[in-house]
Amino acid sequence: MVVVEAGRRDAGRALAVVAGALALTLTGTAATHAGPERPDPRAAPAYWNGTWEAAASGTAAPLPGASVRNVVHTSAGGTAVRVRVSNRLGTLPLVLGAATVARQEPNAPRSANALRGTMRTLTFGGREKVTVPAGEDVVSDAVTLRVPAAANLLVSLHTPGDSGPATYHRDALRTGFVAVNGNRTADPGGGAYRATTGSWYYVTGVDVRRPQAERGAGAVVALGDSLTDGSGSTPNTDRRWPDRLAERLRALPAARRAGVLNAGVAGNRLLREGRGPSALARFDADVLSRTGVRTLIVLEGINDIKGTPEQTDPAALGAAYRELVRRAHARGIRVVGATLTPFGGHGSHTEARERVRRSVNRLIRTGGLFDAVADFDAVVRDPLRPERMRPAYDPGDHLHFNDAGMRALADSIDLDALDLGR
């Protein structure tokens with residue numbers, strides 16, 4: 001949802017944007033069209049690696065005539081960058097009049113200002129304007145830009161007209177910016193960006209170019225629901241558990257510093273459409289199509305158990321996990337399964353649902369479904385009341401995790417189980 005800053009109600013009325021979710025189902029893998037890369041022949045051999053991802057979670061009202069400045073946080077660094085723009089859940093062709101990428105000014109997560117000298121124009125097949133067909137993605141041409149690890153980038157997009165429902169990621173936990181009139185994508189300053197948004201519009205991925213010596217590291221994808229998306233953690237601080245995992249990986253030797261891609265969607269389900277397409281339906285687009293994926297971590301199933309209609313058969317979830325693993329293995333991707341965390345005390349919790357959760361966890365631990373297991377349940381449950389999480393990790397809703405809980409999840413992952421480069 002776009003939120004107009006205090007004192008800027010006129011700008012908000014001019015924008016007249018109300019975010020809304022449409023029940024659209026992803027029926028296949030979104031096509032991807034990458035523009036030509038123009039490498040420097042004098043440069044050392046390099047490769048592309050994913051550094052950031054946001055899975056499409058639904059659609060919002062379009063932003064005709066506006067420019068949106070998305071703020072995204074890198075996990076791995078590189079010497080060049082390319083950006084994925086998505087119209088995957090749209091119903092009309094998406095017309096982008098202009099697009100840019102820049103580094104955000106340092107130590108200012110709520111700033112729309114670019115770091116001086118870092119603004120770059122994005123092109124698509126050599127053109128600044130691009131039309132993205134409904135149901136598809138495009139990837140920009142490469143641009144030279146030194147991107148540090150753990151840095152914030154500004155990805156600015158101008159939509160000159162009404163392209164219909166906008167593919168977006170609703171819960172960014174990150175302040176983005178909107179200039180309500182005109183193409184302001186190349187503005188280094190943020191003065192024109194007088195409205196804010198808590199969602200990411202259109203941008204769903206960023207790749208960086210890394211030295212060939214670091215090729216073995218690749219990328220780790222975290223596939224999940226709101227627990228992975230970061231609900232309960234502090235906004236604008238990048239304290240989701242995948243962010244903390246990326247922090248741990250950055251302490252490893254360069255050849256093992258994998259990028260971490262967050263494919264969490266709040267409200268998502270494994271078997272059925274919930275918030276966004278099901279994990280099974282979006283798997284190709286949000287995991288297999290990403291650059292350099294080496295390992296997948298799966299934390300999905302709580303919304304199936306507690307949702308409407310509820311899933312009461314642990315074997316159905318087990319079969320879905322097996323399908324995800326089969327598809328990942330076909331692409332040479334290692335899969336780590338995470339046990340489902342407790343939600344006792346939440347309004348949706350019942351004894352029957354608790355029994356299903358524990359049965360699913362037994363399958364994950366002992367059923368041989370995954371290449372390795374991350375036992376999140378064992379890490380965060382209250383020893384005295386194992387159907388509940390430890391109070392120190394609870395933001396108050398008894399389901400999600402605060403910053404300390406997110407850190408505990410990430411710190412419990414055996415890095416050797418991720419099978420990163422040596």
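Let's start with strand β21, residues 293-299. Six of its seven residues are buried, so this strand is largely enclosed by the rest of the structure. Please keep in mind that we are looking at a predicted model.

Who sits beside β21? One partner is strand β19, residues 219-224, and the two pair in the parallel sense over six bridges. If you want a spot to click on, valine 221 stands opposite leucine 296 of β21. Another partner is strand β22, residues 334-338, again parallel, with four bridges. There, isoleucine 297 has valine 336 of β22 as its bridge partner. And a reminder for anyone following the side chains along a strand: in a regular strand they alternate between the two faces of the sheet.

Now step back along the chain to helix α4, residues 279-288. Seven of its 10 residues are buried, so α4 is largely enclosed by the rest of the structure too. The buried ones are Ala279, Arg282, Phe283, Ala285, Asp286, Val287 and Leu288; you'll notice an arginine and an aspartate in that list. What covers them? The cover includes β3, β19, β20, β21 and α6, the last of these spanning 314-329. So our strand β21 turns up again, as part of the cover over α4.

Between α4 and β21 there is a loop, and in that loop you'll find arginine 290. Is arginine 290 buried or exposed? Its relative accessibility is 7%, and the cut-off for buried is under 20%, so arginine 290 counts as buried. Where does its side chain go? It reaches the backbone oxygen of threonine 204 at 2.7 Å. A polar atom of the same arginine 290 side chain also lies 3.3 Å from the backbone oxygen of alanine 285, and alanine 285 is one of the buried residues of α4. Leaving aside neighbours within four places in sequence, arginine 290 is in contact with Glu53, Ala54, Arg84, Arg88, Thr204, Gly205, Leu261 and Ala285.

Arginine 290 also brings us to the cavity. How many cavities of 30 Å³ or more does a search of the whole structure find? One. The space in it is about 60 Å³. Its lining consists of Gly50, Trp52, Arg82, Val83, Arg84, Val139, Gly205, Val206, Asp207, Leu261, Arg290 and Thr291. The elements giving two or more residues to that lining are β3 (46-53), β6 (78-86) and β18 (203-211). Sorted by class, the lining has five nonpolar, three polar and four charged residues.

Next, the largest pocket, with a volume of about 350 Å³. It is lined by 26 residues, and those nearest its centre are His73, Asp238, Arg240, Pro242 and Asp243. Two or more lining residues come from each of β3, β5 (66-73), α3 (241-250), β20 (259-264) and α9 (403-411). Which element gives the largest share? That is α3, with six residues. By class, you have eight nonpolar, six polar and 12 charged residues around this pocket.

One last stop: an open, antiparallel sheet of three strands, in the order β4-β14-β17. β4 (58-60) and β17 (200-201) stand at the edges with a single partner strand each, so one side of each is left without a neighbour in the sheet. β4 joins β14, residues 166-169, through three bridges, and there threonine 59 stands opposite threonine 167.

Conventions:
Residues numbered from 1 in each chain as written. Predicted model: local features only at pLDDT ≥ 70, side-chain atom pairs only at ≥ 80, totals over all residues. Heavy atoms only, no water. Buried < 20%, exposed > 50% of the residue type's maximum accessible area, 1.4 Å probe, protein only. Pairing = 2+ DSSP bridges. 1 Å grid on protein atoms, 1.4 Å probe; cavity = no way out; pocket = protein on both sides within 12 Å on 5 of 7 lines; lining within 4 Å. Points joined across faces, edges and corners; volume = space filled by probe spheres on them. Nonpolar A, V, L, I, M, F, W, Y, C, P; charged D, E, K, R; others polar. Contact = heavy atoms within 4.5 Å. Polar contact = N/O pair within 3.5 Å; in protein donor to acceptor, adjacent residues only side chain to side chain.
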